[in-house]
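I opened a fresh page today to look through one chain at the bench computer. Here is what I looked up, in the order I got to it.

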Amino acid sequence: MALFNFGKKKEEKEMKTPVCACQGVSLSEEAEYAADERCPDVDEKAVCSIKVLGAGCKSCHEQYENTLKAVKDLGILAEPEYITDMQKVMEYGVMSMPALVVNEKVVSMGRVLKTDDVIDLFHKLGYKP
């Protein structure tokens, strides 16, 4: 019974989007060099990427501003990114916002951290500039 595709098995190709910054693509020598320039300490304790996930509300903007201040105070080279695209937010598994992602790992969600709290969080996690 092929009428209207009833009775046929649909072949769905499930593709999972990688959460890492490389998006699953291996880096060439030039790209590795560029990544090393962006994050000079190729160490798991170096801060290479910082993202604030939010819906665009006042609390999320406040979290982004507090994160910017903390990054400036600590002298971290990574520029915080503010992400409001809900599809990208859901890729991190975040259900309450704002959320803070450091090196592609969710480190805080559901509450607005003050600047000092963000600094303390970086220290607790062992991250260095």
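The entries below go from the overall layout to the cores, a helix pair and a few single residues.

**Entry 1: layout**

I began by noting that this is a predicted model. I then listed the secondary structure and found 4 helices and 4 strands. Reading from the N terminus, I wrote the order down as α-β-α-β-α-β-β-α. The chain has 129 residues, and 29% of them count as buried. I also looked up the contacts with a separation of 6 or more: residues 24 or more positions apart account for 65% of these.

**Entry 2: the cores**

Which residues have the most contacts inside the largest nonpolar core? I found Val47, Ile50, Ile76, Leu100, Val102, Val118 and Phe122, in a core of 17 residues. Next I asked which elements give two or more residues to this core. They are strand 1 (50-53), helix 2 (58-74), strand 3 (99-102) and helix 4 (115-125). Helix 4 supplies the largest share, 4 residues.

A reminder to myself: in soluble globular proteins, nonpolar side chains tend to be buried together.

I picked Phe122 for a closer look. Leaving out residues up to four places away in sequence, Phe122 touches Val47, Ile50, Leu74, Ile76, Val102 and Tyr127. There is also a second, separate core, which has 7 residues. Among them are Leu53, Val94, Ala99 and Val101.

**Entry 3: helix 2 against helix 4**

I wanted to know how these two helices are set. Their axes come within 8 Å and cross at roughly 55°, so helix 2 and helix 4 are oblique to each other. I noted the crossing as right-handed.

Which residues make the contact? From helix 2 I listed Gln63, Asn66, Thr67, Lys69, Ala70, Asp73 and Leu74. From helix 4 I listed Thr115, Val118, Ile119, Phe122 and His123. Sorted by type, the residues of this contact are 5 nonpolar, 5 polar and 2 charged. Phe122 turned up again here, after its place among the residues with the most contacts in the largest core.

**Entry 4: Glu81**

I found Glu81 in strand 2 (residues 81-83). Is Glu81 buried, exposed or partly exposed? Its relative accessibility is 40%, so I put it down as partly exposed. Beyond its neighbours within four places in sequence, Glu81 is in contact with Ile50, Lys51, Val52 and Tyr64. I also checked Glu81 against Leu100, which is 19 residues apart from it along the chain, and their C-alpha atoms are separated by 10.0 Å.

**Entry 5: Ser108 and Arg111**

Ser108 belongs to strand 4 (residues 105-109). With a relative accessible area of 11%, Ser108 is buried, because the cut-off is under 20%. Setting aside neighbours within four places in sequence, I found Ser108 in contact with Pro98, Ala99, Leu100, Leu113 and Leu121.

Arg111 sits in the loop between strand 4 and helix 4. Is Arg111 buried or exposed? I have Arg111 as exposed, since its relative accessible area is 51% and the cut-off is over 50%. Not counting residues up to four places away in sequence, Arg111 touches Gln63 and Pro98. The C-alpha atoms of Arg111 and Cys60 are separated by 9.0 Å, with the two residues 51 apart along the chain.

**Entry 6: backbone notes**

Pro98 had come up as a contact of Ser108 and of Arg111, and I went to its backbone next. The peptide bond from Met97 to Pro98 is cis, with omega near 5°. I placed Pro98 in the loop between helix 3 (86-91) and strand 3.

My last stop was the loop between strand 3 and strand 4, where I found Asn103 and Glu104. Asn103 has a phi near 50°, a positive value in a residue other than glycine. Glu104 also has a positive phi, about 65°, although it is not a glycine. What about burial for this pair? Asn103 is partly exposed at 23% relative accessibility, whereas Glu104 is buried with a relative accessible area of 19%. The cut-off for buried is under 20%, so I noted both values beside the phi angles.

Terms used
Residues numbered from 1 in each chain as written. Predicted model: local features only at pLDDT ≥ 70, side-chain atom pairs only at ≥ 80, totals over all residues. Heavy atoms only, no water. Core = buried A, V, L, I, M, F, W, Y, C linked by side-chain atoms within 4.5 Å. Buried < 20%, exposed > 50% of the residue type's maximum accessible area, 1.4 Å probe, protein only. Contact = heavy atoms within 4.5 Å. Axes fitted to C-alpha atoms, helices over the stretch in contact; angles between N-to-C directions. Parallel < 35°, antiparallel > 145°, perpendicular 65-115°, else oblique. Left-handed = near helix turned anticlockwise from the far one by under 90°. Nonpolar A, V, L, I, M, F, W, Y, C, P; charged D, E, K, R; others polar.
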